[in-house]
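Biologist: I'm new to this one. Can you walk me through its pockets?
Modeller: Sure, let's put it on screen.

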Amino acid sequence: MGRGDLTNEQWARLAPLLPRGKKPGRPPSWSKRQLIDGIRWRTRTGAPWRDVPPRYGPWQTVYGLFRRWQRDGTWKWILTQLQAQGDAAGLITWQVNVDTTVVRAHQHAAGARKGGTGNAKNRAGSTSSQPTTRSAALGVG
């Protein structure tokens with residue numbers, strides 16, 4: 001049993017919520033508990049699926065269960081059931097607190113000039129002197 005694996009108490013709460021197999025035939029080589037622990041290991045570490053330790057089963061089997069349950073909504077249903085159980089037991093507080101001190105503007109939002117693309121004095125091509133033409137420079141008039 002790994003450090004982040006499900007405890008017996010957690011497994012006892014989770015096991016009744018898992019879908020039952022529908023196909024008759026050969027029993028699976030890997031238990032659902034091992035596969036779920038493999039899924040939890042992968043999501044906790046952020047490692048690639050191919051790096052799932054062999055004690056959880058082949059990575060293809062672990063990924064296959066994760067993806068199948070993701071597509072058919074099993075994970076969402078399990079989460080909803082666990083939340084309902086926790087809420088009924090008074091273990092969940094449904095309060096939201098937003099602290100604006102952690103909200104930051106993007107770095108490019110700082111120091112921009114007001115009024116659009118910039119001040120007219122600092123634009124390229126904007127000068128205070130009159131343009132000089134060849135005829136004006138020669139004094140021809």
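**Pockets**

Modeller: This is a predicted model. Its largest pocket has a volume of about 760 Å³.

Biologist: Which elements give two or more residues to the lining of that largest pocket?
Modeller: They are α2 (32-45) and α3 (59-72).

Biologist: And which gives the most to the lining?
Modeller: α3 does, with six residues in the lining of the largest pocket.

Biologist: How many residues line the largest pocket, and which lie nearest its centre?
Modeller: The lining has 21 residues. Nearest the centre are G21, K22, K23, K32 and R68.

Biologist: What is the lining of the largest pocket like by class?
Modeller: It has eight nonpolar residues, six polar ones and seven charged ones.

Biologist: Let's switch. How much space lies in the second largest pocket?
Modeller: About 260 Å³.

Biologist: Which residues line the second largest pocket?
Modeller: From the N-terminal end of the list, L6, Q10, R13 and L14 are among them. The lining also includes I36, I39 and R40. W75, I78, L79 and L82 belong to it too.

Biologist: Which elements each supply at least two residues there?
Modeller: For the second largest pocket, α1 (8-14), α2 and α4 (74-88) do.

Biologist: Which of them gives the most?
Modeller: α4, with four residues of that second lining.

Biologist: And by class, what does the lining of the second largest pocket have?
Modeller: Eight nonpolar residues, one polar and two charged.

Note on methods
Residues numbered from 1 in each chain as written. Predicted model: local features only at pLDDT ≥ 70, side-chain atom pairs only at ≥ 80, totals over all residues. Heavy atoms only, no water. 1 Å grid on protein atoms, 1.4 Å probe; cavity = no way out; pocket = protein on both sides within 12 Å on 5 of 7 lines; lining within 4 Å. Points joined across faces, edges and corners; volume = space filled by probe spheres on them. Nonpolar A, V, L, I, M, F, W, Y, C, P; charged D, E, K, R; others polar.
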